[in-house]
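Dear colleague,

Please find below the structure that I promised to pass on to you. The notes that follow it set out what was found.

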Amino acid sequence: MNRQHPALLCITLFVTACFSVGLVSCEGGRSCGNRTATQQTTANPASQKIKHVVVIFQENRTPDNLFHGLPNADIANAGQNSQGQSVPLTPVSLAVAYDLDHSHGGFKRQYDGGKMDGLDQNPVICNGGGTSCAPSNAAFKYVNPSEVTSYFQMAEQYTFCDRMFQTNQGPSFPAHQIIISGTSAPTTSSDVCAGSNPKGVPNAFFNTGCTAPKQERVAMINPDSHEDTSQYPCFDHPTLTDLLDKSNISWRYYAPSAGIIWNGPNAIKHMCVPDPTGTLCTGSDWNNKVILNQTQVLTDVANGQLPTVSWVIPTAQASDHPQKNDGSGPSWVASVVNSIGNSSYWANTVIFLTWDDWGGWYDHVAPPIVNANSYGFRVPLIVISPFAKPAYVSHLNHDFGSILKFIEETFSLPTLGYADSNADDLADCFNFQQTPLPFQTVTAKYNATYFLTHKVPPEGPDDD
């Protein structure tokens, strides 16, 4: 630990360092060394109006890629490549047949010291190898707006954030831990964080976290930003769910299956509590609050059983993830939003719709860099609520820690002291004095009945 650079190491937007007890104080006078949660002192007007928070976590998109032409948002029409050339962004289907490198190394190449011109140096990923599945300039694309009209309807009616940054500089596995805990560090005393998705055995997407085979490994990002160490992908540190449990606040985490890299609780040891064989999670929270059927959120709303805080994880087919999504993502999200919006829950609910990482697509906004793994590139965020500012675009910096902080302040919880510690609380996205916005049903190709009856295997992509 280098104690001579607290400004670099101790800004806890995403803590890759300063986890040891008793280290130097952080920006704003917070202690980044003491992992003991401290009580929030700032009152949030949301606490008087909001009784439910739903986090919908989609996959692998940037604002430039998914919201081309959105009014008043900072969206580019072209990007720069490593040859200094301007490359026009051209349309592509939401359901493309290829994937793009979105590893920590891919971030560094694309970021290129802030020049944002290295995207063409990242590989394209095709099933079976090769590059024939992708067009030229495969990452310099935007989704045809006609395929994502549901997303545009929500973005234009409520609040869209065009400075929402992915907290980590890498892929899905660490991002899904961050959205429930603010970090992907292995322990409270570690100064490294998970940098990549696990690899080492076949079908690692489906069999990872604390129930992975013992030879499974995930690369770790050291404070110098290098990935020169690895470890078994099972971690243990405080989570937001711990704070909710302690305060007897209900929560559920809806996911399509157990061992996928998109199931954050699976990688947290005290949430999973692996059995003696190391192949099954047995924890109380896991058995009672991690729901291995993402469509149950729809029936829980219909039956008046929506918990106070929910995380909603899609199947690959409805995820928006390149290569294997089938284009149903906007309808899936609309079905969840419509079920809430057309229920009594609408009057006191906030829905945060965001995407877990940038997916390797072009985005023109250079993220602020505060340490070895923060921030990553922009991802879209839509704030949907009767108290969201209507037809508003937030240009303030947010990250996944902002969602955690909003939940903490709304329900009078302590801070975890990770990404939530120095994040903003999304206050600029709300007006709690306005006349509550009436809900307008989101138009979509498929409705909730489609997802409740159209059963598909929870297939996952070859996610790199």
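Which kind of interaction joins the side chains of Asp300 and Arg252? The two side chains meet in a salt bridge, with a distance of 2.5 Å from N to O. Please bear in mind throughout that this is a predicted model.

This pair connects distant parts of the chain, since Asp300 belongs to helix H10 (residues 296-302) and Arg252 to strand E14 (residues 251-254), 48 residues apart. Asp300 is buried, with a relative accessible area of 2%. Arg252, by contrast, counts as partly exposed at 22% relative accessibility. The cut-off matters here: a residue is called buried under 20% relative accessible area, so the value of 22% falls outside that class.

The chain as a whole may be described next. Its secondary structure consists of 13 helices and 21 strands. The chain has 464 residues, and 62% of them count as buried. Its accessible surface is about 16000 Å², and carbon and sulfur atoms contribute 51% of that area. Among contacts in the chain with a separation of 6 or more, 78% are between residues 24 or more positions apart.

The structure contains nine salt bridges. One of them joins Asp245 to Lys289, where the closest N and O atoms are 2.7 Å apart. Asp245 sits in helix H7 (residues 240-246) and Lys289 in helix H9 (residues 284-289), so this salt bridge ties together parts of the chain that are 44 residues apart in sequence. Asp245 is partly exposed, with a relative accessible area of 23%. Lys289 is also partly exposed, and its relative accessible area is 23%.

A further salt bridge is found between Asp363 and Arg378, with 2.7 Å between the closest N and O atoms. Both residues lie in the loop between strand E17 (349-355) and strand E18 (381-384), so the pair ties together parts that are 15 residues apart in sequence. Are these two residues buried or exposed? Asp363 counts as buried, at 0% relative accessibility. Arg378 is likewise buried, at 0% relative accessibility. The pair also belongs to a network of salt bridges, in which Asp64, Asp363 and Arg378 are linked.

When you view the model, you may wish to begin with Asp300 and Arg252, the pair that links helix H10 to strand E14, and then turn to the network of Asp64, Asp363 and Arg378.

Yours sincerely,
A colleague

Technical notes: Residues numbered from 1 in each chain as written. Predicted model: local features only at pLDDT ≥ 70, side-chain atom pairs only at ≥ 80, totals over all residues. Heavy atoms only, no water. Helix = DSSP H or I, 4+ residues; strand = E, 2+ residues; numbered from the N terminus. Buried < 20%, exposed > 50% of the residue type's maximum accessible area, 1.4 Å probe, protein only. Contact = heavy atoms within 4.5 Å. Areas by Shrake-Rupley, 256 points an atom, 1.4 Å probe, with all protein chains shown as cover. Salt bridge = Lys/Arg side-chain N within 4 Å of Asp/Glu carboxyl O.
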